[in-house]
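Here is a friendly walk through a two-chain model, written for someone who likes to see the numbers beside the picture. Have the viewer open and follow along.

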Amino acid sequence: VLPSIGLNHYLVVSAVLFTLGFVCVLTRRNAVALLMGLELILNAANLNFVAFNRYIAPPDAVSGQMVALFGIVLAAAEAAVALAIVLALYQNTRTIDLENLHEAPEFEPEPTA
Amino acid sequence: MKRLGRALGLLATALAVLGILAIFVARITSGPAPGASGTHRDHILLEAAQVPLTDLLWYGLAAIAIGSAMITAFSRNIIYAGLALLGTFGAVGGMFIYLSADFLGVVQLLVYIGGILVLILFAVMLTHRIGDTDLNNPVVNRAASLGIGAGLLGLLLFVAIRMPWAARDDLGPLEPTVHKLGAALIQDYFLPFQLAAVLLLAILVGAVVIVRKARPEERRGET
């Protein structure tokens with residue numbers, strides 16, 4: 001009834017996830033929502049790497065999984081720094097709306113002692 | 001749009017429930033039924049039994065991943081969008097396990113769900129007045145973005161399906177890869193491993209410095 005699972009299935013799921021993440025990045029004005037779209041994109045890429053590692057790489061190779069592992073590490077690092085920047089932005093301008101950011105009040109200069 | 005998000009969530013849940021039901025039905029009907037007449041082989045539920053259980057479970061995972069990602073991409077409520085990421089991350093982690101990447105599946109659970117998702121939800125709660133949950137995730141450029149997205153999806157699907165991928169047909173059994181990954185990390189990938197460690201330390205310090213609020217009295221104390 002249904003075809004058995006192969007490489008194409010993973011590629012299709014990954015393509016859909018990537019597109020949804022891409023649309024999310026394009027349409028969002030909220031900086032945090034934009035980061036969610038980025039995470040979707042990174043997840044889609046990782047899924048592709050692991051699928052290729054299983055179906056195309058030689059049997060003992062783990063290079064695809066290794067790339068995905070480093071991808072996860074980089075995604076965590078990116079999320080931490082990006083969210084810290086968003087938080088600092090919010091503390092200084094009281095907005096994280098990317099469209100309104102250029103008309104937000106200027107960063108207050110830090111008080112000098 | 002909010003209604004659409006809710007409908008999509010319901011759809012994903014319904015698909016998941018259907019998948020689980022189908023698995024149970026398949027398990028029940030595929031077993032040797034003692035004393036069964038065996039004349040109902042053309043029943044549609046028995047047709048479902050011809051599909052392996054693991055495949056059915058995989059389709060359930062795919063439905064959860066895509067449905068949750070749609071909520072993330074289209075929901076007007078950013079809390080829903082963030083919580084829906086849970087489904088996507090979890091389902092992709094499950095697919096990693098299907099791909100003989102058990103360690104990556106667990107890492108996905110620990111890092112994405114346990115770390116990144118919590119960070120995102122914290123950021124949502126720290127940067128938003130909880131009161132205005134109505135329109136806290138506005139959408140711009142919808143028509144153009146959906147057009148670009150549709151084109152991109154078509155292109156990606158065309159490549160994914162029509163490309164003659166050199167997929168092996170002698171797939172080995174699903175084996176744990178923790179040992180191989182560990183060996184590769186301290187042999188071939190030693191330099192990236194160390195660089196990642198330094199990067200994480202820098203990220204840790206950098207994030208703290210960026211979010212830290214310098215209080216005036218503290219600054220006086222420094223000087």
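At 24% relative accessibility, B:Lys180 counts as partly exposed, because that value falls between the 20% and 50% cut-offs. Keep in mind from the start that this is a predicted model.

**The salt bridge**

B:Lys180 is a good place to begin, since its side chain meets that of A:Asp60 in a salt bridge, with 3.7 Å from N to O. The partner, A:Asp60, is exposed, with a relative accessible area of 62%. Side chains of opposite charge can pair when their charged atoms come close. The pair crosses between chains: B:Lys180 sits in helix H7 (residues 178-185) of chain B, and A:Asp60 sits in the loop between helix H2 (31-55) and helix H3 (63-93) of chain A. How many salt bridges does the structure hold over all chains? The count is 1, and across the interface of chain A and chain B the rule likewise finds 1.

**The two chains**

Both chains can be set out side by side.

| Chain | Helices and strands | Residues and buried share | Accessible surface |
|---|---|---|---|
| Chain A | 3 helices, 0 strands | 113 residues, 57% buried | about 4,600 Å², 65% on carbon and sulfur atoms |
| Chain B | 9 helices, 0 strands | 223 residues, 34% buried | about 13,400 Å², 71% on carbon and sulfur atoms |

From the N terminus on, the elements of chain A run α-α-α, and chain B reads α-α-α-α-α-α-α-α-α along its sequence. The contacts within each chain can be sorted by sequence separation. Among those in chain A between residues at least 6 apart, 52% join residues at least 24 apart. In chain B, residues 24 or more positions apart account for 63% of the contacts with a separation of 6 or more.

**Where the chains meet**

The size of an interface is often given as the accessible area lost when the parts come together. Chain A and chain B bury about 7,300 Å² between them, and 76% of that area is on carbon and sulfur atoms. Within the part that chain A buries against chain B, A:Arg28, A:Met36 and A:Arg54 supply 10%, more than any other three residues. The contact takes 74 residues from chain A and 87 residues from chain B.

**Two helices of chain B that meet chain A**

Helix H6 (residues 142-162) of chain B has 21 residues and reaches 29 Å from its first C-alpha to its last, close to the 30 Å expected at 1.5 Å a residue. Which residues of H6(B) are buried? They are B:Ser145, B:Gly149 and B:Ala160. These three cover an arc of only 30° around the axis, which puts them on the same side of H6(B). On the other side of H6(B), the exposed residues are B:Ala143, B:Leu155, B:Phe158 and B:Arg162. The cover over the buried residues of H6(B) includes helix H1 (7-27) of chain A.

Helix H8 (residues 190-211) of chain B can be read in the same manner. Its 22 residues should span 32 Å at 1.5 Å a residue, and the end C-alpha atoms are 32 Å apart, which agrees. B:Ala196, B:Ile203 and B:Ala207 are buried in H8(B). Seen down the axis of H8(B), the buried residues fall within an arc of 20°, so they line one face of the helix. That buried set packs against H3 of chain A. Turned away from the buried side of H8(B) is a face with the exposed residues B:Leu191, B:Leu195, B:Val198, B:Leu201, B:Val208 and B:Val209.

**Two single residues**

A:Asn53 has its place in helix H2 of chain A. Is A:Asn53 buried or exposed? At 7% relative accessibility, A:Asn53 counts as buried, because the cut-off for that class is under 20%. Leaving aside residues up to four places away in sequence, A:Asn53 touches A:Ala61, A:Val62, A:Ser63, A:Gly64 and A:Gln65.

B:Gly115 lies in helix H5 (residues 102-127) of chain B. With a relative accessible area of 26%, B:Gly115 is partly exposed. B:Gly115 and B:Arg76 are 39 residues apart in sequence, and their C-alpha atoms are 24 Å apart in space.

Terms used:
Residues numbered from 1 in each chain as written. Chains lettered and ligands numbered in written order. Predicted model: local features only at pLDDT ≥ 70, side-chain atom pairs only at ≥ 80, totals over all residues. Heavy atoms only, no water. Helix = DSSP H or I, 4+ residues; strand = E, 2+ residues; numbered from the N terminus. Expected span 1.5 Å × (residues − 1). Buried < 20%, exposed > 50% of the residue type's maximum accessible area, 1.4 Å probe, protein only. Arc of directions from axis to C-beta. Contact = heavy atoms within 4.5 Å. Salt bridge = Lys/Arg side-chain N within 4 Å of Asp/Glu carboxyl O. Areas by Shrake-Rupley, 256 points an atom, 1.4 Å probe, with all protein chains shown as cover. Buried area = accessible area lost by both parts, 1.4 Å probe.
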